[in-house]
Amino acid sequence: MRLLLIQHDDADAEFLEAALRGQEISNLELTRVADIAGAITALSASEFDVMLLDLEVPDASGLDAIDAVKGINDETAIVVLSSQDDESLAASILSSGAQDYLVKWEGQGRTILRSIRHSIERKRAELRLSYLAQYDALTGIPNRQFFNDQLRRATANARRDSRSLALLLLDLDEFKIINDTLGHDAGDLLLKGVAERLQDSLRSGDVVSRIGGDEFAILLEGIHEPREVEAVALGLLESLSKPYQILNRQVDATASLGISLFPNDHTDVKILMKHADIAMYRAKEQGGNTHCFFHTRMQAELLSYHELARDIRLAMERQEFHIAFQPKVNVHTKQLQGLEALARWTSPTRGEVSPTEFINVAEDSGLIIPLGSWVLDEVCRTIKVWRDNGLSVVPVSVNVSARQFQQPVFHRRVGEILDKHSIPPSLIELELTEGLVMSDVDSAQAELAQLKEMGFRISIDDFGTGYSCLNYLRKFPIDVLKIDKSFVADIEASADGQFIIEAIISLARSLRLETVAEGVETHGQLAFLIDHGCHVVQGFLLGRPMSRDAVEPLLVAIRQGDTDSTAVVRALSGAA
Ligand code: C2E
Ligand code: CA
Ligand code: CA
């Protein structure tokens, strides 16, 4: 028995030690500390079966002493020693987590030992009960009680941090038939199998529990979009629908899943459960082996997402995409410095679709990879045509999404496309966002170094909107910071807007980077940017995204050194 004695008084300690040693306790390991601080150290370092805690310690008083030591090692029983014999004190000692209570000097060795033994027994029983109260005996996963606690905790946290979470209720299809035809033992084994697969399919932070006969509940935290939940739901259904080996037989089972979202559907946990339940019945009505969201809007949103993804795929096959080029103008030379390639989609059924809409869906569905390759390919093809026609070509920027950049050996894929058209990388600038390079700094650094080595220019797009870490920025081989259009829009509206732009420009100067301001719409914005030393400007004031044919006169103008025939330059002279 490993016993911790928390006793300040030496005489008391000696008495107790002597009393205990006289009792022939097998393997008694006795550790004595003089105060609560000592107890905390001892409890965190080693395990004890029981502690004898004298409430008269110098560093805590009364019941506080129990509070201080009880949570550290959950399996240690507590016997409290007190000098007062007082019924109400005894009651509050026991309700504060101690297993027994002794009045000092009253007991002989045998009494003390009996109390210690009882306490250890009692502690074990309590632990067992609390386990039983939280876990399902059949499957060993948490039960409804535990789940409800977790759900309450999670909704409170999510509310505080304004985050979302998803509640999934899962019910096996036709479980009653399986139970009736194969027997209860088989039914139990199936439930165990289902619990195992659910646990295996989820991330470690997700909570899964069995809340009733063949009903399971799952809690997903850190959810951003209904389609993330959908991906989990599909994964679960697929894993559950694989055959089970039960009592030497193959058993097939499927499940229906109902989903409700916090806070979108409701913020009350009871109502969330109810909503998930309604959604689950809807999934059953559809024949089972499927999932349903409670909110019809979610369902509709998801449907329109899938439809849009399908249409993007078709649009690529049907060549409905084209590229618009937006001029970037050098404020000193007033000449065209570059172009940004922007994807455009004219759908026969949807009309002009905004890139913010289809790029998002293309990113989430992975279609951005073929679409991005197409954009680069098309840009190279266009540059090739311009060169073949003897036009002076300016560098063209191409936007790169996270999914594209994170492909293995992205630089090689990009290199292949350029080679195909014999375009030198110096004519292509890659626009990446901060978030993209910061998400995996080491691999981004390696990839960027490769691209840089090949001769590409690298630009950080939407600079200032994401989370930037200046130390890392210094390590990346970047050429350009592109000031986000939201700051440009603020120039005339607020001093903050001006301040941020000044800060970005001076940061860029210290890192020897070029600055490009995007979204320049007014002469006032342009004048401010020129005054503060921004190098390049881009925006509706200087030129809208335009077709390839509309760009050609601009390229002809540079070749002829013509500085005042273009729309681009007109805007700049207006400012001067
Ligand atoms: P972005 O890279 O920040 O592109 C600039 C956006 O600002 C473009 O919107 C452009 O049309 C718009 N813009 C240009 N000048 C002005 C102005 O003076 N005022 C205002 N209010 N807006 C201006 P767009 O074409 O709708 O593209 C939106 C976003 O879609 C782009 O933002 C980019 O992130 C993404 N995107 C567009 N094409 C591609 C592409 O080929 N590949 C990838 N990965 N993303 C693309
Ligand atoms: Ca861009
Ligand atoms: Ca941008």
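Along the chain, the donors of the calcium ion (ligand 3) follow the spacing D-D-x55-E. Donors here are N, O and S atoms within 2.8 Å of the metal, or 3.2 Å for Na, K and Ca; water is not among the atoms, so sites may look incomplete. In this predicted model, local features need pLDDT of at least 70 and side-chain atom pairs count only at pLDDT 80 or more, while totals for chains, interfaces and linings use all residues. Residues are numbered from 1 along each chain as its sequence is written, chains are lettered from A and ligands numbered from 1 in the order in which they are written, and side-chain values use heavy atoms, with hydrogens and water left out.

The calcium ion (ligand 3) is coordinated by Asp 461 (OD), Asp 462 (OD) and Glu 518, the last listed with two OE entries. These donors lie at 2.2 to 2.4 Å. Asp 461 also bridges to the calcium ion (ligand 2), and the two ions lie 3.9 Å apart.

The calcium ion (ligand 2) has the protein donors Glu 340 (OE), Asn 399 (OD1), Glu 431 (OE) and Asp 461 (OD). They lie 2.1 to 2.4 Å from the ion. Their sequence spacing is E-x58-N-x31-E-x29-D. Distant parts of the chain are linked by the pair Glu 340, in strand β16, and Asn 399, in strand β18 (residues 396–399). The two residues are 59 residues apart. Strands (E, at least two residues) and helices (H or I, at least four) are DSSP runs, numbered from the N terminus.

Asn 399 also contacts ligand 1. One of its polar side-chain atoms lies 3.0 Å from an oxygen atom of ligand 1. A polar side-chain atom of Arg 344 lies 2.9 Å from an oxygen atom of the ligand. Ala 343 contributes a backbone N or O atom, 3.1 Å from a nitrogen atom of ligand 1. A polar contact is a pair of N or O atoms within 3.5 Å.

In all, 23 residues surround ligand 1 (a heavy atom within 4 Å). The closest are Gln 326, Arg 344, Ser 401, Glu 521 and Phe 540. By class, this shell has 9 nonpolar, 7 polar and 7 charged residues. Asp, Glu, Lys and Arg count as charged; Ala, Val, Leu, Ile, Met, Phe, Trp, Tyr, Cys and Pro count as nonpolar; the others, Gly among them, count as polar. β16 (336–347), α12 (355–365), α13 (368–388) and β20 (457–463) each supply at least two shell residues. The largest share, 4 residues, comes from β16.

How values were computed: Polar contact = N/O pair within 3.5 Å; in protein donor to acceptor, adjacent residues only side chain to side chain.
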